[in-house]
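Here is a protein chain to look around in, one neighbourhood at a time. Have the viewer ready and find each residue as it comes up.

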Amino acid sequence: MMSSIYYYHQIAIGRVAMAAKPSVFRADNPLPPDLSTDSSIYRRGGGGGGGPSSASRRRDLVFVVNPRGANGRTVKEWKKLLPYLRSRLGTHCNICESLTSGPSHAIDITREAIREGADVVVAVGGDGTLHEVVNGFFWDGKPVANPEGELMHSTALGLIPLGTGSDFARTFGWKNDPHEAVERLAKGLRSRVDVGVISGESGESHYFINVADIHLSAKAGYYASKYKRFGNLCYVLGSLQAFMGHHNEDLRIRINEGEWKVYSQVTALCIGNAKYFGGGMMITPNADPCSGNFEVVILQDFKWYDFILKLHRLYMGTHLLVKNVSSRSVHSIEVEDLSGRGSIYIQSDGEHLGFLPRKICILPSAIEMIC
């Protein structure tokens with residue numbers, strides 16, 4: 001089926017993508033008869049009898065693009081960027097383009113790219129695409145690895161923010177400027193960043209790099225996803241719908257494996273690995289994805305009009321000074337719904353994950369990122 005095919009289109013000069021597994025990969029251009037096939041989709045460049053050295057080989061960059069992102073604007077901007085990308089990186093890099101065919105496809109593309117030894121997997125789009133690519137770095141609760149186990153080599157995460165929302169990029173002060181992002185890739189400077197892992201009663205792990213949130217904000221995010229055709233206005237529309245019938249709830253919380261404590265009338269609970277969510281709200285202003293800890297912010301007993309009166313504080317990050325708002329640094333947090341109705345929403349990086357209970361832990365320095 002076409003939906004199960006990974007499209008790896010090689011656009012580097014003098015190079016053709018290879019089909020490592022015919023049932024999984026397809027090269028857009030068939031191989032000329034004078035080129036031999038290879039068991040890897042990434043053929044190491046270089047010449048000479050002994051093969052290329054690690055110092056001289058070309059870097060393999062896989063760009064994961066969601067063609068439906070931002071109502072199709074992402075792929076249009078991506079096509080405009082390609083000539084500059086070729087001219088800036090093509091001399092020293094093997095550039096592989098992979099278009100996603102549906103939900104979770106970016107996860108599969110990323111895992112396969114890492115196993116094939118890619119130097120960098122680049123998420124091209126918004127926080128949703130980045131979220132899937134980050135999840136692709138893990139499998140069955142463990143980091144995905146190149147089975148050849150190359151010493152001193154690991155696949156890094158890259159980002160070209162082109163989607164509806166690019167909240168994670170804001171933490172680093174990055175603009176929605178694709179040319180600036182290409183310059184970061186050209187320099188190739190790496191930094192270790194933390195990743196959050198969420199587990200529930202089923203035991204399945206889910207990963208996030210930006211912000212996970214619970215109750216009203218997560219419910220608003222769930223509804224906002226239905227209005228993405230309106231751009232950043234989707235967050236306003238989602239919030240308005242979430243407010244309808246909303247009730248603050250008592251939650252049972254355990255922090256850093258300590259004692260369980262009941263927090264009354266919780267409106268929203270946000271676990272920040274980075275600072276921003278919801279289209280630019282600085283919800284966890286002290287979060288740092290290189291710190292080894294989350295910042296947890298809890299809003300209690302908020303009314304609908306509190307958000308109207310204090311919305312500017314959420315964008316400025318000054319809401320921590322408001323009554324009924326608390327903040328602390330943690331490395332793990334468990335949250336349960338005391339009502340037993342199973343109706344408290346949870347999301348991460350804007351993706352709906354279901355309902356409480358959940359446990360969220362930090363994985364310090366889990367991924368290398370091009371910064």
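## Charges over rings

Start at Arg115: its charged end sits over the ring of Trp139, 6.0 Å from the ring's centre. There's another example at Lys310, whose charged end sits over the ring of Phe302, 5.3 Å from the centre. Keep in mind as you look that this is a predicted model.

## The whole chain

Now zoom out. The protein chain has eight helices and 19 strands. Of its 371 residues, 52% are buried. The accessible surface comes to about 17,000 Å², and carbon and sulfur atoms account for 53% of that.

How do contacts run along the sequence? Take the contacts between residues at least 6 apart in sequence: 71% of them join residues at least 24 apart.

## Rings that pair up

Back to the aromatic rings. The count of aromatic pairs comes to 12. One of them is formed by Phe63 and Trp78, with 5.4 Å from centre to centre and 35 degrees between the planes. That pair counts as tilted, because the angle falls between the limits of 30 degrees for stacked and 60 for edge-to-face.

Where do these two partners come from? Phe63 belongs to strand β3 (residues 59-65) and Trp78 to helix α1 (residues 73-89), so the pair links distant parts of the chain, 15 residues apart. Are they buried or exposed? Phe63 has 0% relative accessibility, so it counts as buried. Trp78 is buried too, again at 0%.

Next, find Tyr222 and Tyr223. Their ring centres are 5.4 Å apart and their planes meet at 65 degrees, so this pair is edge-to-face. Tyr222 counts as partly exposed at 26% relative accessibility, while Tyr223 counts as buried at 16%. The cut-off explains that split: buried means under 20%, so 16% falls inside the class and 26% does not. Both tyrosines also belong to one aromatic cluster, together with Tyr345 and Phe355.

## A greasy patch outside

Which residues make a nonpolar patch on the surface? Phe230, Leu233, Val236 and Leu240 do, and the patch covers about 370 Å². Look at Leu240 in particular. This leucine lies in helix α7 (residues 233-243). Its relative accessible area is 52%, so it counts as exposed, the limit being over 50%.

## Unusual backbone spots

Most residues other than glycine have a negative phi, and most peptide bonds are trans. This chain has some exceptions to show you.

His215 is one of them: its phi is near 75 degrees, a positive value in a residue that isn't glycine. This histidine lies in strand β11 (residues 211-215) and is buried, with a relative accessible area of 8%. Ser365 also has a positive phi without being a glycine, at about 50 degrees. You'll find Ser365 in strand β19, where it is partly exposed at 37%.

For the peptide bond, go to Leu356 and Pro357. The bond joining them is cis, with omega about 10 degrees. Pro357 has its place in the loop between β18 (351-355) and β19 (358-370).

## Two residues and their contacts

Glu351 lies in strand β18 and is partly exposed, with a relative accessible area of 26%. What does it touch, if you leave aside neighbours within four places in sequence? Glu351 is in contact with Gly128, His131 and Ile346. His131 is worth a second look: Glu351 and His131 are 220 residues apart in sequence, yet 8.1 Å apart in space, C-alpha to C-alpha.

Asn210 sits in the loop between β10 (205-208) and β11. At 4% relative accessibility, Asn210 counts as buried. Its contacts, with neighbours within four places left aside, include Asp167, Phe168, Tyr276, Phe277 and Asp349.

Here are some of the accessibility values from the tour side by side.

| Residue | Relative accessible area | Class |
|---|---|---|
| Asn210 | 4% | buried |
| His215 | 8% | buried |
| Glu351 | 26% | partly exposed |
| Ser365 | 37% | partly exposed |
| Leu240 | 52% | exposed |

How values were computed:
Residues are numbered from 1 along each chain as its sequence is written. This is a predicted model: local features need pLDDT of at least 70, side-chain atom pairs count only at pLDDT 80 or more; totals for chains, interfaces and linings use all residues. Side-chain values use heavy atoms; hydrogens and water are left out. Patches are made of residues with over 30% relative accessible area and no salt bridge: like charges are joined within 9 Å, nonpolar side chains (Val, Leu, Ile, Met, Phe, Trp, Tyr) within 5 Å. Accessible areas come from the Shrake-Rupley method with a 1.4 Å probe; for residues, only the protein chains shown count as cover. A salt bridge is a side-chain nitrogen of Lys or Arg within 4 Å of a carboxyl oxygen of Asp or Glu. Helices (H or I, at least four residues) and strands (E, at least two) are DSSP runs, numbered from the N terminus. Buried means under 20% relative accessible area, exposed over 50%, partly exposed in between (1.4 Å probe, protein chains only). Rings of Phe, Tyr and Trp (its six-membered ring) pair if their centres lie within 6.5 Å; planes under 30 degrees apart count as stacked, over 60 as edge-to-face and the rest as tilted. A charge sits over a ring if NZ of Lys or CZ of Arg is within 6 Å of the ring centre and within 35 degrees of the ring normal. Contact means heavy atoms within 4.5 Å.
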